[in-house]
Amino acid sequence: MVRQKKNEISGNVIEKIGPITLPLATNNSKVVNFHLTLYRIDNRNYHVLVCNPSVPSDIVLLRIESACTFAHLYGSKLCDCEQQLKTSLSMIGNVGGILIYALDQHGRGVGLVNHVRVYQVEQTGIDTVEAHKTLGLQIDARHYMDALKILHDMKISKIRLLTNNPSRIDFFRNHLEHIERLPLEHPLNPYEVRELMIKKEKMGHLFSFKSDFDWLLDINKSHKVLLPFAVIENSISRIFGGDLISLIEFLKNLRLNHEVFYTIYCSQEMSSPAKVKKLILLIMKENLTSHYLRIVGCKEIDLDKFKGLYNLAVRAGFLELKCIKLK
Ligand SMILES: [Zn+2]
């Protein structure tokens with residue numbers, strides 16, 4: 001039997017198609033049955049995925065995810081959408097809850113076409129906020145009125161919202177009986193770190209990292225790096241160590257057009273201007289200079305000795321060279 005319901009809430013026609021059952025592989029490779037209903041509100045589409053709580057609770061774990069084809073279809077690392085969706089499904093799969101997937105709010109609500117345009121502008125070196133302004137787009141064009149209507153339809157008034165976005169929290173705080181926030185964070189990767197810093201600094205998103213090298217600090221604590229250097233590709237999962245040649249190979253293999261923060265962790269052994277100069281010259285030779293390069297020194301590093309290298313780095317075409325003293 002096909003169930004289809006239409007009703008009206010606050011003047012909007014709400015059409016419901018489903019539910020269907022989808023067995024989804026969550027992060028921990030467990031397969032969990034989710035019940036999906038397609039909600040259409042004045043022709044705007046939402047997948048509402050429900051996984052029943054194992055412990056009945058009147059506070060519902062909720063994630064509202066905006067569509068992002070780059071991350072959700074292809075696993076693009078330029079934003080955190082893939083991780084956010086996976087983590088949310090996995091948490092909801094574990095304890096029960098609801099995920100509302102806004103199919104028509106692509107790229108913070110600017111739509112499929114503009115999302116490509118925004119990336120095109122961003123890839124000339126302009127940050128996401130300025131790129132939206134350049135194109136005359138709202139920086140965040142999403143709205144949550146439809147999600148609220150879906151919650152009303154499901155008779156939900158108390159939520160535990162998975163989000164880092166303060167405007168969502170404010171919206172639901174003004175419209176629901178009870179709201180709690182659960183942060184949604186994961187170990188950063190170098191491809192997304194720039195966008196997430198902009199989100200934190202210019203859009204007020206509630207990330208726990210304080211600066212763009214903050215994500216190194218845990219590694220510093222947990223790994224006493226005594227290698228000549230380590231290239232940290234992902235803040236927790238992968239640390240490469242070795243000699244300069246394997247470092248250059250690693251950078252070349254990334255084959256990226258987008259700006260990336262390369263962070264090179266130098267141990268005391270490596271922390272001499274002569275060695276860093278050699279590294280810069282090697283990277284120049286390989287034409288890998290149109291990227292951000294961070295050289296992070298150990299505690300004993302004498303930053304004054306590195307000053308002379310800044311001019312060399314600028315001439316070489318590095319967008320940025322920083323020697324940072326870890327505390
Ligand atoms: Zn995305």
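What follows is a short working chat about a predicted model of one chain.

Me: How many helices and strands does the chain have?
Reply: The secondary structure comes to 12 helices and 13 strands.

Me: What share of the residues is buried?
Reply: Buried residues make up 32% of the 327 in the chain.

Me: And the contacts? What part comes from residues 24 or more positions apart?
Reply: They account for 65% of the contacts with a separation of 6 or more.

Me: What is the mean pLDDT?
Reply: The chain averages 72. 56% of its residues reach 70 or more.

Me: Where does pLDDT stay under 50?
Reply: Residues 265–270 are one such stretch. The model still gives them 23 contacts beyond four places in sequence. Residues 322–327 are also below 50, with 19 contacts beyond near neighbours in sequence.

Me: How should low pLDDT coordinates be read?
Reply: Not in detail.

Me: OK, strands. Is E5 mostly covered or mostly open?
Reply: Mostly covered. E5 spans residues 60–66, and 6 of its 7 residues are buried.

Me: Which strand does E5 pair with over 5 bridges?
Reply: Strand E6, residues 97–102, in the parallel sense. Isoleucine 64 of E5 has isoleucine 100 as its bridge partner in E6.

Me: And how many bridges join E5 to E7?
Reply: 3 bridges. E7 covers residues 158–162, and these two strands run parallel as well. One partnership there is valine 60 with isoleucine 159 of E7.

Me: Now the largest nonpolar core. Which residues touch the most other members?
Reply: Tyr46, Val48, Leu62, Leu99, Ile100, Tyr101 and Ile150, out of 35 residues in that core. At least two core residues come from each of E3 (31–41), E4 (44–51), E5, H2 (81–95), E6, H6 (145–153) and E7.

Me: What does isoleucine 150 touch?
Reply: Tyr39, Tyr46, Val48 and Ile100, leaving aside residues up to four places away in sequence. So isoleucine 100 turns up twice: it is the bridge partner of isoleucine 64, and isoleucine 150 touches it.

Me: Switching to backbone geometry. Which residues does the cis peptide bond join?
Reply: Glycine 18 and proline 19, with omega about 5°. Proline 19 sits in strand E2, residues 12–25.

Me: What is usual for phi and for peptide bonds?
Reply: Most residues other than glycine have a negative phi, and most peptide bonds are trans.

Me: What is the phi of asparagine 43?
Reply: Positive, about 70°, although asparagine 43 is not a glycine. It lies in the loop between E3 and E4.

Me: Why is asparagine 43 classed as exposed?
Reply: Because just 8 other C-beta atoms lie within 10 Å, and the exposed class takes 12 or fewer.

Me: And arginine 108, buried or exposed?
Reply: Buried, because 23 other C-beta atoms lie within 10 Å and the cut-off is 20 or more. Arginine 108 also has a positive phi, about 50°, without being a glycine. Its place is helix H3, residues 106–109.

Me: Last one, histidine 115. Where is it?
Reply: In helix H4, residues 112–122. It touches His106, Gly107 and Val110, not counting residues up to four places away in sequence.

Me: Why is histidine 115 partly exposed?
Reply: It has 19 other C-beta atoms within 10 Å, so it falls between the limits of 12 and 20.

Me: How far is histidine 115 from threonine 69?
Reply: Their C-alpha atoms are separated by 9.6 Å, and the two are 46 residues apart along the chain.

Notes
Residues numbered from 1 in each chain as written. Predicted model: local features only at pLDDT ≥ 70, side-chain atom pairs only at ≥ 80, totals over all residues. Helix = DSSP H or I, 4+ residues; strand = E, 2+ residues; numbered from the N terminus. Pairing = 2+ DSSP bridges. Core = buried A, V, L, I, M, F, W, Y, C linked by C-beta atoms within 7 Å. Contact = placed C-beta atoms within 7 Å. pLDDT = per-residue confidence, 0-100.
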